[in-house]
Amino acid sequence: MQHYNYIIYEVKESSEKGRKEMAEVKGIVKHIVLAKFKDEISEEQIDELIKGFANLVNLVPQMKSFHWGKDVSAENLHQGFTHVFETTFESVEAIAEYTAHPSHVEYANLFVASLDKLLAVDYKPTIVNL
């Protein structure tokens, strides 16, 4: 499995001398999936689905990394979502290629069928320089 640990960003100078602004990280786009599994899906099935999701990094070249976790927030604002999945890509176009990749399509059909709720968001990380 390939892992890329790099952050490349540009810092822009504002009109005030020496003051830094927000800067978009170059070459990184995050794909975030929030999920709530159906009640009848067992923990063993969930574990297998997570392993299948993680394995996409070995099957889909555009996918650079995979992380996941369960909601642990004390704020109780999860709206029923229990699991978070984060994947990293180099561009918005790479996410589109990933989405259309046969390995992703096959996996997504299994994954989505096991869910009560799903929310997906893509974003470009932005660094705030104070």
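A residue counts as buried here when its relative accessible area is under 20%. That cut-off is handy for meeting strand β5, residues 83-89, in this predicted model. Five of the seven residues of β5 are buried, so the strand is largely enclosed by the rest of the structure.

**The chain as a whole**

Let's step back for a moment. The chain has three helices and seven strands, and reading along the sequence gives the pattern β-β-β-α-β-β-α-α-β-β. Of its 130 residues, 32% count as buried. Among contacts between residues at least 6 apart in sequence, 72% join residues at least 24 apart. The accessible surface of the chain comes to about 8500 Å², and carbon and sulfur atoms account for 55% of that area.

**The partners of β5**

Which strands are joined to β5 by bridges? Strand β3 is joined to β5 by seven bridges, and strand β4 by six. Both pairings run antiparallel. The table sets them side by side, with one bridge from each.

| Strand paired with β5 | Bridges to β5 | Direction | One bridge pair |
|---|---|---|---|
| β3 (residues 29-37) | seven bridges | antiparallel | Ala35 with His83 |
| β4 (residues 65-70) | six bridges | antiparallel | Ser65 with Thr88 |

**Inside the fold**

In soluble globular proteins, nonpolar side chains tend to be buried together. In this model, the largest nonpolar core has 22 residues, and those with the most contacts inside it are Phe37, Phe53, Leu56, Met63, Phe85, Tyr98 and Phe111. The elements that give two or more residues to this core are β3, α1 (43-59), β5, α2 (92-100) and α3 (102-113). Which element supplies the largest share of the core? That is α1, with six residues.

Met63 is a good place to look around. Setting aside its neighbours within four places in sequence, Met63 is in contact with Phe53, Leu56, Val57, Thr87, Thr88, Phe89 and Tyr98. One of these, Thr88, is also the bridge partner of Ser65 in β5.

**On the outside**

Some nonpolar residues sit at the surface instead: Met22, Val128 and Leu130 form a nonpolar patch there. Together these three have about 400 Å² of accessible area. Val128 belongs to strand β7, which covers residues 126-128.

Notes:
Residues are numbered from 1 along each chain as its sequence is written. This is a predicted model: local features need pLDDT of at least 70, side-chain atom pairs count only at pLDDT 80 or more; totals for chains, interfaces and linings use all residues. Side-chain values use heavy atoms; hydrogens and water are left out. Patches are made of residues with over 30% relative accessible area and no salt bridge: like charges are joined within 9 Å, nonpolar side chains (Val, Leu, Ile, Met, Phe, Trp, Tyr) within 5 Å. Accessible areas come from the Shrake-Rupley method with a 1.4 Å probe; for residues, only the protein chains shown count as cover. A salt bridge is a side-chain nitrogen of Lys or Arg within 4 Å of a carboxyl oxygen of Asp or Glu. Helices (H or I, at least four residues) and strands (E, at least two) are DSSP runs, numbered from the N terminus. Buried means under 20% relative accessible area, exposed over 50%, partly exposed in between (1.4 Å probe, protein chains only). Two strands pair if DSSP finds at least two bridges between them. A nonpolar core is a set of buried Ala, Val, Leu, Ile, Met, Phe, Trp, Tyr and Cys residues joined through side-chain atoms within 4.5 Å. Contact means heavy atoms within 4.5 Å.
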